[in-house]
Amino acid sequence: MNRYGISYWANHNFIIENGKVKLNHKNRPALIDIVSTIREDGFKGPLLIRFPHLIEKQINLLYKNFNRAIEEFEYKGKFNAVFPLKVNQFPNFVKPLVEIGKKYNYGLEAGSKAELILAMSYNNKNAPITVNGFKDRTIISLGFIATKMGHDITLIIEGLNELETIIEVTKEMGEPTPKIGLRIRLHTSGIGIWAKSGGINSKFGLTATELIEAMTILEKEKLINKLTMIHFHIGSQINDISPLKKALREAGNIYAELRKMGAFNLDSINLGGGLAVEYAQQEDNSNRNYSLKEFTNDVVFLLKDIAESKGVEEPNIYTESGRFISASHAVLIAPVLELFSQEYELKGLKLKKEKNPPLIEELQDLYSNINLGNAREYLHDGLDHMESLLTLFDLGYIDLQDRSNTEILVHLIIKKATLLLKDKAHKELLSIQDRMQERYLVNFSLFQSLPDFWGLGQSFPVMPLTRLDEKPTRSASLWDITCDSDGEVGFNVKNPLFLHEVDIENEEYFLAFFLVGAYQEILGMKHNLFTHPTEATVNFDKNGEFFIENIIEAQNILDVLDDLDYDIKDIERSLKQQIEESNFIKNSKKKEILGELYLYLSENGYLRTLLSKEKKY
Ligand SMILES: *Cc1c(COP(=O)(O)O)cnc(C)c1O
């Protein structure tokens with residue numbers, strides 16, 4: 001049985017029971033039942049489902065682990081955290097996040113003006129707000145306004161010019177002013193595909209020379225009392241803990257040095273984000289080499305060690321983990337529309353009545369007589385015969401019908417052998433399957449919903465919602481519905497995906513992509529004009545039954561065009577006029593056809609069905 005690596009990536013959030021993936025929470029609803037409930041109300045196409053209880057779980061984990069480490073090491077600093085809005089700014093994520101975070105005083109991080117406005121509008125009043133990224137006078141002024149509203153703001157400067165602007169705005173706007181943080185440029189950089197944020201050549205942060213200069217300026221302007229934090233961020237999805245430890249040593253020493261130079265209110269180190277998420281469906285592809293416990297122990301222990309040896313106060317710890325908090329809360333579920341493999345079914349086999357080439361007769365024998373004892377041998381024979389038959393075709397000795405029969409029989413033999421051998425001939429079967437993957441057309445856009453797969457090759461756990469008590473036999477590559485050949489998750493021998501045979505005319509088959517709650521939504525592109533899928537939130541009542549809230553339907557076609565700044569009235573006028581002037585539509589029919597056209601314009605652009613009879617996709 002293939003469990004799709006659920007024990008590696010799912011963190012007990014999802015389980016397999018009676019052949020279905022279920023949420024491991026409250027009454028443990030099957031995802032397929034949640035999907036059916038939403039679709040019964042007419043929402044078709046792909047769905048993005050949010051589970052706020054998983055946001056809560058991650059926030060709890062983060063605080064509990066840091067606070068446990070702090071207690072264990074008798075650390076004197078406090079733990080604080082903010083959520084970096086760039087990782088997910090969508091309201092049905094941010095609002096529950098802020099609500100859940102209230103009891104911890106969990107705050108928000110903003111990296112742009114719009115994000116700062118979000119933080120000012122929704123953050124819990126006393127919870128911290130950190131502001132990163134390049135800053136102009138406007139965003140600095142916004143920080144001052146926020147402070148005057150009562151928010152706890154730290155402007156983390158990326159360069160000395162930002163400090164100059166803060167000094168100017170302070171003169172204009174007066175007390176209370178925001179706190180000041182310094183982003184430090186470390187030697188250490190993260191590793192992996194997201195490692196560009198750290199290191200001596202990174203885009204961000206002050207060098208040692210600039211730090212000294214910043215201290216001089218702050219002293220001179222009598223703002224040294226505002227300096228409370230130093231900050232670094234060595235990159236997202238840190239898969240190896242050792243660069244983080246190096247970065248902490250570097251930052252810890254810079255903290256101690258700045259304190260000794262007179263930064264008497266400097267009391268916090270902000271380690272940015274980077275806490276990794278396990279996306280792997282197979283143990284050997286594991287994405288990180290540490291646990292949250294190890295991570296928190298290392299941070300607390302190292303900072304304590306440095307503070308002690310340098311004789312300074314132990315700093316408060318801030319983190320800005322985004323991926324770790326948000327990835328698990330969202331699942332993308334998309335219907336399979338079509339399977340490009342029907343040609344290999346037994347019913348397609350058209351053996352000739354008189355005489356078939358001897359090798360085809362033999363293939364037929366292999367297929368009829370294959371069993372557990374001979375499966376491997378027959379498989380090899382079948383593949384050999386196929387090679388020979390293909391050569392015979394190239395030389396003109398057999399015809400197209402013979403070749404079609406060859407393909408069908410060999411595929412059927414491979415399928416039977418796969419079932420019989422289960423995991424026994426794993427490597428060999430994999431390399432065969434690599435050559436004969438089945439293409440599943442899935443009703444979603446990879447560019448919109450999994451942009452990191454397209455851009456960075458990041459894979460996400462994927463599995464069917466049902467039939468998990470049946471062995472899947474088809475090596476699958478997934479095609480999205482964009483017209484772009486990049487819109488494909490190809491079969492990968494290192495990370496093979498097997499799916500079930502599906503009779504799409506008569507059954508529904510859904511695929512779920514997990515851990516899509518970080519970055520994917522906002523990075524998603526409207527390539528081919530496919531928009532954000534319909535989204536919904538799942539919550540639970542007192543009896544543990546789920547209910548659906550906050551449904552936001554995927555944008556309809558006219559709204560998408562409106563977003564591109566087309567004049568919708570213009571489009572409607574043009575379409576209407578063409579129908580009115582058409583000689584191919586009877587006058588009596590024109591109104592009806594116009595009505596039909598308007599109906600289509602009001603629907604979202606995902607496919608409804610590929611079949612002639614209207615079905616449920
Ligand atoms: C992107 C970013 C984060 C979040 O990183 P994750 O890896 O998602 O935890 C935190 N801080 C800063 C400054 C960032 O740029």
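**Domain 1 meets domain 2, and a look at Asn356**

This predicted model splits into four domains: domain 1 (6–50 + 331–341 + 435–552), domain 2 (75–320), domain 3 (354–423) and domain 4 (557–601).

Biologist: How many residues does domain 2 put into the contact with domain 1?

Modeller: The C-alpha centres of domain 1 and domain 2 sit 35 Å apart. Domain 1 brings 24 residues to the contact, and the count from domain 2 is 19 residues.

Biologist: What share of the area buried between domain 1 and domain 2 comes from carbon and sulfur atoms?

Modeller: Putting domain 1 and domain 2 together buries about 2,000 Å². On the domain 1 side, the touching residues are twelve nonpolar, seven polar and five charged. For the buried area itself, carbon and sulfur atoms give 52%.

Biologist: How many residue pairs are in polar contact between domain 1 and domain 2?

Modeller: Don't look for salt bridges here, as the rule finds zero across this interface. Among the elements that each supply at least two residues on the domain 1 side are helix 17 (451–456) and strand 19 (534–540). As for polar contacts between domain 1 and domain 2, the count is seven residue pairs.

Biologist: Is asparagine 356 buried or exposed?

Modeller: Asparagine 356 lies in the loop between strand 12 (330–340) and helix 12 (358–369). Its relative accessible area is 6%, and the cut-off is under 20%, so asparagine 356 counts as buried.

Biologist: Which residue has its backbone nitrogen 2.9 Å from a polar side-chain atom of asparagine 356?

Modeller: Leaving out residues up to four places away in sequence, asparagine 356 touches Leu351 and Glu361. The backbone nitrogen at 2.9 Å from its side chain belongs to lysine 352.

Definitions and conventions. Residues are numbered from 1 along each chain as its sequence is written. This is a predicted model: local features need pLDDT of at least 70, side-chain atom pairs count only at pLDDT 80 or more; totals for chains, interfaces and linings use all residues. Side-chain values use heavy atoms; hydrogens and water are left out. Domain bounds come from an automatic or database domain assignment. Contact means heavy atoms within 4.5 Å. Buried area is the accessible area (1.4 Å probe) that two parts lose on being put together, summed over both. A salt bridge is a side-chain nitrogen of Lys or Arg within 4 Å of a carboxyl oxygen of Asp or Glu. A polar contact is a pair of N or O atoms within 3.5 Å; within protein, one must be able to donate a hydrogen and the other to accept it, and residues adjacent in sequence count only if both atoms are side-chain atoms. Helices (H or I, at least four residues) and strands (E, at least two) are DSSP runs, numbered from the N terminus. Ala, Val, Leu, Ile, Met, Phe, Trp, Tyr, Cys and Pro count as nonpolar, Asp, Glu, Lys and Arg as charged, and the others, Gly among them, as polar. Buried means under 20% relative accessible area, exposed over 50%, partly exposed in between (1.4 Å probe, protein chains only).
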